[in-house]
Amino acid sequence: AVKLRESGGDSVQAGGSLSLSCSVSEVDYSTNCLGWFRQAPGKGREGVATIYTAGGTTDYADSVKSRFTISRDNAQTVSLQMNNLKSDDTANYFCTAASHCTLHPYGVEHWGKGTLVAVSS
């Protein structure tokens with residue numbers, strides 16, 4: 001199965017920046033999309049950003065547009081550059097893989113174990 005390993009989670013002050021990275025391995029023909037989802041304490045998982053492995057087309061949740069940027073390197077690494085962080089961004093961030101890009105958790109087929117991001121105000 002697809003293996004996803006996130007890194008880069010940290011504590012940061014509101015207004016600051018942080019970059020997350022995910023190493024992707026054992027991909028197959030069905031791995032057409034990589035993404036980032038997050039889950040805040042006591043809340044469900046929500047889509048943050050997705051990117052097609054081939055064409056690089058991206059999609060973002062309204063809450064992070066203009067602040068976050070997703071990128072990939074030959075479908076082996078997917079990163080999330082987060083700028084102007086807010087306290088609401090505090091969550092466990094998961095790297096994801098799917099057959100098609102979607103911001104809906106039920107459409108995701110593979111999940112990493114997550115990396116924690118804590119934004120203090």
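These notebook entries record what I looked up on the strands and their pairing in this structure, which is a predicted model.

**Entry: strand β4**

I began with strand β4, which covers residues 33-39. I asked how many of its seven residues are buried. Six of the seven are buried, and I therefore noted β4 as mostly covered, taking buried to be under 20% relative accessible area.

**Entry: partners of β4**

I then looked up the pairing of β4. With strand β5, residues 45-52, β4 pairs in the antiparallel sense over seven bridges. As a point of register I recorded Trp 36, which stands opposite Ala 49 in β5. I also followed the chain through the hairpin of β4 and β5, where five residues lie between the strands. Within this hairpin, Gly 42 takes a positive phi near 80°.

Strand β9, residues 91-98, also pairs with β4; the sense is antiparallel and there are seven bridges. Here I noted Cys 33, which has Ala 98 in β9 opposite.

**Entry: the sheet containing β1**

Next I asked in which order the strands of the open sheet run. The order is β1-β3-β8-β7, a sheet of four strands with antiparallel pairing. Its edge strands are β1 (3-7) and β7 (68-73), each of which pairs on one side only. I entered the twist as averaging 15° from one strand to the next.

**Entry: β1 and β3**

Finally, I examined the pairing of β1 with strand β3, residues 18-25. These two strands are joined by five bridges in the antiparallel sense. For Ser 7, I found the bridge partner in β3 to be Ser 21.

Notes:
Residues are numbered from 1 along each chain as its sequence is written. This is a predicted model: local features need pLDDT of at least 70, side-chain atom pairs count only at pLDDT 80 or more; totals for chains, interfaces and linings use all residues. Side-chain values use heavy atoms; hydrogens and water are left out. Buried means under 20% relative accessible area, exposed over 50%, partly exposed in between (1.4 Å probe, protein chains only). Two strands pair if DSSP finds at least two bridges between them. Axes are lines fitted to C-alpha atoms, for helices over the stretch in contact, and angles run from 0 to 180 degrees between N-to-C directions.
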